[in-house]
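Hi,

Here is the structure I promised to pass on. Have a look at it first, and my notes on what turned up are underneath.

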Amino acid sequence: MRIFHTKKVTNKKNSYFEKHFFNKPVFYDIETTGFSRDYHMIYMIGIGQIEDNHITSTQLLAEQEQDEPVILREFFKRIAGSDLLISYNGKRFDLPFILARAKKFDIPLPSTLPPELDLYLEAKPIFRFLSVPDQKLKTMERFFHISREDQMSGKELIEVFKNYQQKHDEKSEQLLLCHNAEDILNLPDLMQLLTLKEAFQMDYMHNFTSSVEEFNGTDGNTKKELSLVCPHHLPVYDSYIFYGENYFLRIDQNTIRMQIPILSGRLLYFFDNYKDYYYLPAEDKAIHKSVASFVPPENRQKAKANNCYQQYEGDFLPNPKGLITPAFYEHYKGDKIYLSLQESKDTLLDHMKEYITSILEQ
């Protein structure tokens with residue numbers, strides 16, 4: 001076994017450890033010769049520890065197959081004082097692989113292991129917002145503009161390791177070490193995933209300011225949108241933009257800004273029990289039977305489900321799942337639901353977090 005060390009300055013302070021009272025977190029990552037815990041070996045384990053403004057990575061490299069149990073014992077020794085393990089997909093791959101290989105070599109396991117923070121699993125709920133082709137480690141690094149010298153995949157490095165076993169050449173050694181070291185050294189910066197996850201929970205939306213803004217659309221017509229701005233105290237070090245059919249979201253260092261399109265025009269409100277209503281064709285609306293006696297019989301007809309409505313003119317917002325009532329539609333059984341900004345403004349302001357969550361989940 002050989003042991004190597006690498007340092008990287010990290011100025012991006014993450015409040016996660018302090019917030020959750022972790023004092024000795026350890027980042028870790030493994031390199032294997034395949035995916036089978038029974039037939040493939042772990043040839044390197046990387047461990048990272050934060051000290052002041054930098055992270056130090058330690059690579060435990062097995063030069064030969066007989067070194068595998070040695071690096072496993074060294075790994076358990078080095079995490080003994082840790083109160084948190086941090087990985088990217090470690091709960092599903094790295095740690096089960098380590099425990100299976102330790103069992104194969106009859107290596108006594110620690111009586112207790114530190115809890116694990118798997119950044120991949122933690123961030124899974126927000127991956128759909130990130131507009132990335134996949135959720136691989138290197139893809140996430142590119143999303144956060146994290147620089148990386150190594151360009152090799154774990155699969156490509158298997159052949160490099162086999163070559164290293166035979167020749168112990170410096171080139172192969174550096175390729176192996178660079179890949180694993182960067183996996184470890186970049187993990188603290190990837191904790192920005194936790195920050196974005198917290199931002200998407202919208203817990204700061206109780207302190208927002210709102211306004212209706214007008215702008216010229218691409219068709220030259222005047223458009224409106226509801227603009228929501230709220231301050232936050234999250235450790236955000238860049239600006240992130242997300243958008244969907246019914247929102248534009250920007251997360252900056254000090255503020256979260258969301259813009260929701262407003263539909264201006266005429267929409268329909270449908271009454272529930274159409275059998276209690278008459279439809280007035282001349283006025284294109286429905287009225288309750290209790291007041292229909294004032295309308296001549298020739299000017300009214302029994303309402304049907306598809307014409308039992310009142311028309312409303314005004315400004316409307318998307319209203320997924322009809323969270324805010326009353327709900328308005330463009331036509332009968334329309335798949336798009338709206339709320340009236342005039343009718344439901346107070347209700348909307350009182351339930352803004354729930355409303356925004358429904359917009360994001362649409």
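**A patch on the surface**

Let's start with Val70, which sits in helix α2, residues 68-78. Before going further, keep in mind that this is a predicted model. Val70 has a relative accessible area of 35%, so it counts as partly exposed. Together with Met1 and Ile3, Val70 makes up a nonpolar patch on the surface, and the three share about 190 Å² of accessible area.

**The cores**

Now for the inside. In soluble globular proteins, nonpolar side chains tend to be buried together. Here the largest nonpolar core has 59 residues, and the members that touch the most others are Tyr88, Phe242 and Tyr355. If you click on Tyr355 and ignore its neighbours within four places in sequence, you'll find it in contact with Ile260, Leu317, Pro318, Asn319, Leu323, Ile324, Leu339 and Leu348. Apart from that core lies another one, of 31 residues, with Ile45, Ile71, Leu72 and Val160 among them.

**Helix α6**

Val160 also turns up among the buried residues of α6, along with Leu157, Ile158, Phe161, Tyr164 and Gln165. What do these buried residues pack against? Their partners are β1 (2-9), β2 (25-32), β3 (42-51), β4 (54-61) and α7 (170-185).

The length of α6 is a nice check. It runs over residues 154-167, 14 residues in all, so at 1.5 Å a residue it should span 20 Å, and its end C-alpha atoms are indeed 20 Å apart. Just past the helix, His168 takes a positive phi of about 50°.

There is a salt bridge in α6 as well: Glu159 pairs with Lys162, with the closest N and O atoms 3.7 Å apart. The two are three residues apart in the helix, which means about one helical turn separates them. An α-helix has 3.6 residues a turn, so residues three or four places apart point the same way. Lys162 is partly exposed, because its relative accessibility is 39%.

**More salt bridges**

The structure holds 20 salt bridges. One of them joins Arg266 and Glu313, whose closest N and O atoms are 3.1 Å apart. This pair links distant parts of the chain, as Arg266 belongs to strand β11 (residues 255-270) and Glu313 to strand β15, 47 residues apart. Are Arg266 and Glu313 buried or exposed? Both are exposed.

Some salt bridges share partners, and in this way Lys138, Glu141, Arg148, Asp150, Glu182 and Asp183 are joined into one network. Within it, the side chains of Arg148 and Asp150 meet at 3.1 Å, N to O. Unlike the exposed Arg266 and Glu313, Arg148 and Asp150 are both buried.

**Backbone oddments**

A few spots in the loops are worth a click too. The peptide bond between Thr325 and Pro326 is cis, with omega at about 0°. Pro326 is in the loop between β15 (309-318) and β16 (327-329).

Two non-glycine residues with positive phi are Asn89, near 70°, and Lys333, near 55°. Asn89 is in the loop between β5 (84-87) and α3 (90-104), while Lys333 is in the loop between β16 and β17 (337-340). Lys333 counts as exposed, because its relative accessibility is 69%.

Enjoy exploring!

Methods. Residues are numbered from 1 along each chain as its sequence is written. This is a predicted model: local features need pLDDT of at least 70, side-chain atom pairs count only at pLDDT 80 or more; totals for chains, interfaces and linings use all residues. Side-chain values use heavy atoms; hydrogens and water are left out. Helices (H or I, at least four residues) and strands (E, at least two) are DSSP runs, numbered from the N terminus. The expected span of a helix is 1.5 Å times one less than its number of residues. Buried means under 20% relative accessible area, exposed over 50%, partly exposed in between (1.4 Å probe, protein chains only). Contact means heavy atoms within 4.5 Å. A nonpolar core is a set of buried Ala, Val, Leu, Ile, Met, Phe, Trp, Tyr and Cys residues joined through side-chain atoms within 4.5 Å. Patches are made of residues with over 30% relative accessible area and no salt bridge: like charges are joined within 9 Å, nonpolar side chains (Val, Leu, Ile, Met, Phe, Trp, Tyr) within 5 Å. Accessible areas come from the Shrake-Rupley method with a 1.4 Å probe; for residues, only the protein chains shown count as cover. A salt bridge is a side-chain nitrogen of Lys or Arg within 4 Å of a carboxyl oxygen of Asp or Glu.
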